[in-house]
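Dear colleague,

I am passing on the structure we talked about, and my notes on its cavities, core and pockets follow below. Please read them alongside the coordinates.

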Amino acid sequence: MSVSVDRIVIFNPLAGTIRMNFVLPDLEFEYDALEPHLDSLTMEIHHTKHHAGYTAKLNSAIEGTDMEGKSVEELLLENSDVPAIRNNGGGYWNHNLFWSTLSPDGGGEPNGDLAAAIDDSFGSFESMKEQFSNAAMTRFGSGWAWLCFSDGSLCICSTPNQDNPLMNGGGVPILGLDVWEHAYYKKFGPARGEYIQAWWNVVNWEAVSGNFTNSI
Ligand code: MN3
């Protein structure tokens, strides 16, 4: 699995136990670093309110249950029938992937093995980009678009809410785009298509290539 799970161990002197919690990861760049493509205020709210909220609610959902101590991937695979895990574990994992595949130095096209795999699976980078943008555009309501590795090739899909393909055997996501309105409405209003086009300029293909290598 390509996305690291950040956890801290807490010693609770009252309970006399050691508890493990999921931790909101820091971004590797400033909130305004993706301007003018993705705006600073949206990035800050998205990270400190939305992603932080999923993280806190995930920790609450597992506290004191036999789900404590599982990795987030184990929770998604084994416990996604629990709504609080599906929504908040999904939200936690999805945003970890999202931030890690963004960069102020992003955009352009991948190279190496990932570029070859995209050509094999979609014919060309442009064709993949078109299919991915279409999946993101046509996801009704809130959700995500995904580029996944599954059964030896790459595929594109979308999921509702904070679901992801790990939950339903749809493959291992190596790139995901958040199309919830909270991800774009302040800057783009209802123009989701403009947000999608802006986002391509900050995709960190080096990170996506690393995810691809780890998933095959
Ligand atoms: Mn979001």
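What volume does the largest cavity have? Bearing in mind that this is a predicted model, the computed volume of the largest cavity is about 40 Å³, and the count of cavities of 30 Å³ or more comes to one. Its lining is made up of Leu38, Asp39, Thr42, Met43, His46, Phe98, Ala183 and Tyr195, which by class are five nonpolar, two polar and one charged residues. Helix H1, spanning residues 40-62, gives the most to this lining, with three residues.

Tyr195 lines that cavity and also appears in the largest nonpolar core, where, of the 55 residues, Leu102, Leu154, Tyr195 and Trp199 touch the most other members. Both domain 1 (7-28 + 37-100) and domain 2 (112-215) give residues to this core, so the core lies between them. In soluble globular proteins, nonpolar side chains tend to be buried together.

As for Trp199, once its neighbours within four places in sequence are left aside, this residue is in contact with Phe98, Leu102, Phe132, Leu175, Gly176 and Leu177; among these, Phe98 is also part of the lining of the largest cavity.

Turning to the pockets, the second largest one holds about 210 Å³ of space, and 13 residues line it, of which Asp105, Asn204, Trp205, Glu206 and Ala207 lie nearest its centre. By class, the lining of this pocket has four nonpolar, six polar and three charged residues.

With best regards

Note on methods
Residues are numbered from 1 along each chain as its sequence is written. This is a predicted model: local features need pLDDT of at least 70, side-chain atom pairs count only at pLDDT 80 or more; totals for chains, interfaces and linings use all residues. Side-chain values use heavy atoms; hydrogens and water are left out. On a 1 Å grid over the protein atoms alone, a cavity is a set of points where a 1.4 Å probe fits but cannot get out, and a pocket is an open set with protein on both sides within 12 Å along at least five of seven lines; lining residues have an atom within 4 Å of a point. Grid points are joined across faces, edges and corners, and a volume is the space filled by probe spheres set on the points. Helices (H or I, at least four residues) and strands (E, at least two) are DSSP runs, numbered from the N terminus. Ala, Val, Leu, Ile, Met, Phe, Trp, Tyr, Cys and Pro count as nonpolar, Asp, Glu, Lys and Arg as charged, and the others, Gly among them, as polar. A nonpolar core is a set of buried Ala, Val, Leu, Ile, Met, Phe, Trp, Tyr and Cys residues joined through side-chain atoms within 4.5 Å. Buried means under 20% relative accessible area, exposed over 50%, partly exposed in between (1.4 Å probe, protein chains only). Domain bounds come from an automatic or database domain assignment. Contact means heavy atoms within 4.5 Å.
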